[in-house]
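Colleague: Before we discuss this model, could you put the sequence and the structure in front of us, please?

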Amino acid sequence: MNSPVSPNALMPVTPRPDIVFTHGAGARLFDATGRSYLDWVQGWAVNSLGHAPAELVTALTQQAARLINPGPAFYNQPALDLAAWLVAHSCFDQVFFTSSGAEANEGAIKLARKWGQLHKGGAHEIISFHSSFHGRTLATMAATGKAGWDALFAPAMPGFAKAHYNDLESVRALIGPQTVAVMLEPIQGEAGVIPAAPGFLAALRALCDAQGLLLIVDEVQTGCGRTGSLFAHEAAGIQPDIMTLGKGIGGGVPLAALLARETVACFAFGDQGGTYCGNPLMCAAGLAVMQTIGTPGFLAQVNTLGERLLTGLRALSDQFGLGTVRGQGLLLALDLGRDQAAEVVRLARAQGFLLNAPRPHLLRFMPPLNSTAAEIDEGLGRLATVLGEVCANQTSGPKHTA
Ligand SMILES: *Cc1c(COP(=O)(O)O)cnc(C)c1O
């Protein structure tokens with residue numbers, strides 16, 4: 001049988017199913033054979049408004065016909081407008097746009113080091129967390145707390161110390177004369193949707209204030225409405241010094257951002273830049289996405305849908321004897337209690353339902369923020385079918401430990 005896929009020219013950096021996707025609409029994705037899928041991966045929480053939303057298509061096509069890229073050393077209106085929007089809706093004063101979350105985090109690391117040079121005698125060490133994820137550039141890999149990553153492309157970039165998430169004393173113990181910042185995700189996404197414990201962010205803010213350290217939040221996954229607030233740190237009632245955004249801000253196109261408060265935004269001319277930084281095509285997309293998310297009632301609806309999904313997942317967990325459900329808004333996870341997530345993903349895909357398993361025992365759910373209640377119910381129904389099959393097949397898979 002002839003495979004529809006001839007993948008030899010693409011570097012095989014990840015196992016990919018033998019499917020070529022051709023188009024999408026809202027929560028649905030379609031393959032080359034015309035088959036439809038309910039998509040709860042959405043480019044890994046990237047397509048905030050689903051596939052091909054009208055707002056985004058209009059913004060992109062109109063901007064493409066007008067001006068794609070005058071270059072990063074000239075002003076353009078969409079970049080000015082999006083920066084103004086972000087500043088007006090956050091505690092931050094200035095924005096630098098990038099094309100990926102990793103690049104935004106690189107910028108955050110550079111900004112903290114620069115601030116340390118100017119204000120803290122060259123202090124440069126950043127305390128990040130075990131199991132965290134901050135990207136795939138060499139510096140962001142060093143900031144990342146994924147097991148084994150320090151040796152992957154050794155030597156790792158120095159200047160990062162790893163504390164334990166939700167353990168304030170482990171942070172305090174790492175603070176030394178070279179420490180300049182603490183960097184974390186308000187919910188650890190790739191680690192398996194692990195939320196900061198109540199009070200942890202506030203305690204970190206107080207600790208950073210007492211020690212003269214910067215607090216950096218990586219909201220590449222949790223920002224832009226995904227968790228039901230515009231930015232996840234708002235729910236903890238804190239104001240960080242630096243924030244990074246990515247994924248959902250572009251609604252599917254490569255856009256990310258580094259935001260800082262005025263006292264911290266200390267780049268001098270020439271310190272930071274990039275060919276695509278703040279190009280009007282991506283910024284027009286970002287503005288359309290953020291204006292939609294900022295529409296009155298939009299975030300309330302994300303919370304309503306999130307509650308509906310959470311309740312449904314808890315019921316499934318009870319029905320099938322699975323583990324905990326956690327997360328916030330429309331970034332939720334179901335712990336299966338055993339290493340069967342890959343099997344669930346495979347079976348679901350065969351039935352036209354796309355799911356993500358960031359850990360062997362864990363499913364992560366990232367439906368479009370503008371899903372309908374009927375789509376949430378459809379996904380829950382499809383998941384029930386698949387879990388029923390997996391449990392019926394169960395030859396008692398290995399129980400998850402760790
Ligand atoms: C995805 C992600 C990144 C990296 O973003 P890229 O756009 O893939 O470079 C960084 N931090 C967090 C929390 C993420 O989820």
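Modeller: What follows is a set of questions and answers on salt bridges, the ligand site and backbone geometry in this predicted model.

Colleague: How many salt bridges does the structure hold, and which residue does R172 meet in one of them?

Modeller: The structure holds nine salt bridges. One of them lies within helix α7 (residues 168-172), where R172 and its partner are three residues apart, about one turn of the helix. R172 is partly exposed at 39% relative accessibility, and the partner is partly exposed as well, with a relative accessible area of 48%. The N to O distance is 3.1 Å, and the residue that R172 meets is E169.

Colleague: How many residues apart in sequence are the parts that R205 and D241 tie together?

Modeller: R205 forms a salt bridge with D241, with 3.0 Å between the closest N and O atoms. R205 belongs to helix α8 (residues 200-211), whereas D241 sits in the loop between β10 (214-218) and β11 (242-245), so the parts that this pair ties together are separated in sequence by 36 residues.

Colleague: Are R205 and D241 buried or exposed, and which residues are linked with them in a network of salt bridges?

Modeller: The cut-off for a buried residue is a relative accessible area under 20%, and R205 and D241 are both buried. The network of salt bridges that contains R205 and D241 also links D209 and R261.

Colleague: Which helices does the salt bridge between D377 and R308 tie together?

Modeller: The closest N and O atoms of D377 and R308 are 2.8 Å apart. D377 is partly exposed, with a relative accessible area of 34%, and R308 is partly exposed too, at 38%. Because D377 lies in one helix and R308 in another, the pair ties together parts that are 69 residues apart in sequence, namely helix α12 (residues 373-393) and helix α10 (residues 298-320).

Colleague: What share of the ligand's area does the protein bury?

Modeller: Among the polar pairs at the site, a backbone N or O atom of G101 lies 2.8 Å from an oxygen atom of the ligand, and a polar side-chain atom of D218 lies 2.7 Å from a nitrogen atom of the ligand. In the side chain of Q221, an N or O atom is 2.8 Å from a ligand oxygen. Taken alone, the ligand exposes 380 Å², and the share of this that the protein buries is 81%.

Colleague: Which helix gives the largest share of the shell around the ligand?

Modeller: The residues around the ligand include S100, G101, A102, N105, F133, H134 and K247. By class, the shell has three nonpolar, six polar and three charged residues. Its largest share, three residues, comes from helix α4 (residues 101-119).

Colleague: Where is P155 found, given that the peptide bond from A154 to P155 is cis?

Modeller: Most peptide bonds are trans. The bond from A154 to P155, however, has omega near 0 degrees and is cis. P155 is found in the loop between α6 (149-152) and β6 (160-163).

Colleague: What is the phi of W44, and what is the phi of N166?

Modeller: Most residues other than glycine have a negative phi. W44 is found in helix α1 (residues 42-45) and is partly exposed, with a relative accessible area of 45%, while N166 lies in the loop between β6 and α7 and is partly exposed at 29%. Neither W44 nor N166 is a glycine, yet W44 has a positive phi of about 70 degrees, and N166 has a positive phi of about 65 degrees.

Notes: Residues numbered from 1 in each chain as written. Predicted model: local features only at pLDDT ≥ 70, side-chain atom pairs only at ≥ 80, totals over all residues. Heavy atoms only, no water. Salt bridge = Lys/Arg side-chain N within 4 Å of Asp/Glu carboxyl O. Helix = DSSP H or I, 4+ residues; strand = E, 2+ residues; numbered from the N terminus. Buried < 20%, exposed > 50% of the residue type's maximum accessible area, 1.4 Å probe, protein only. Near = heavy atom within 4 Å. Polar contact = N/O pair within 3.5 Å; in protein donor to acceptor, adjacent residues only side chain to side chain. Areas by Shrake-Rupley, 256 points an atom, 1.4 Å probe, with all protein chains shown as cover. Nonpolar A, V, L, I, M, F, W, Y, C, P; charged D, E, K, R; others polar.
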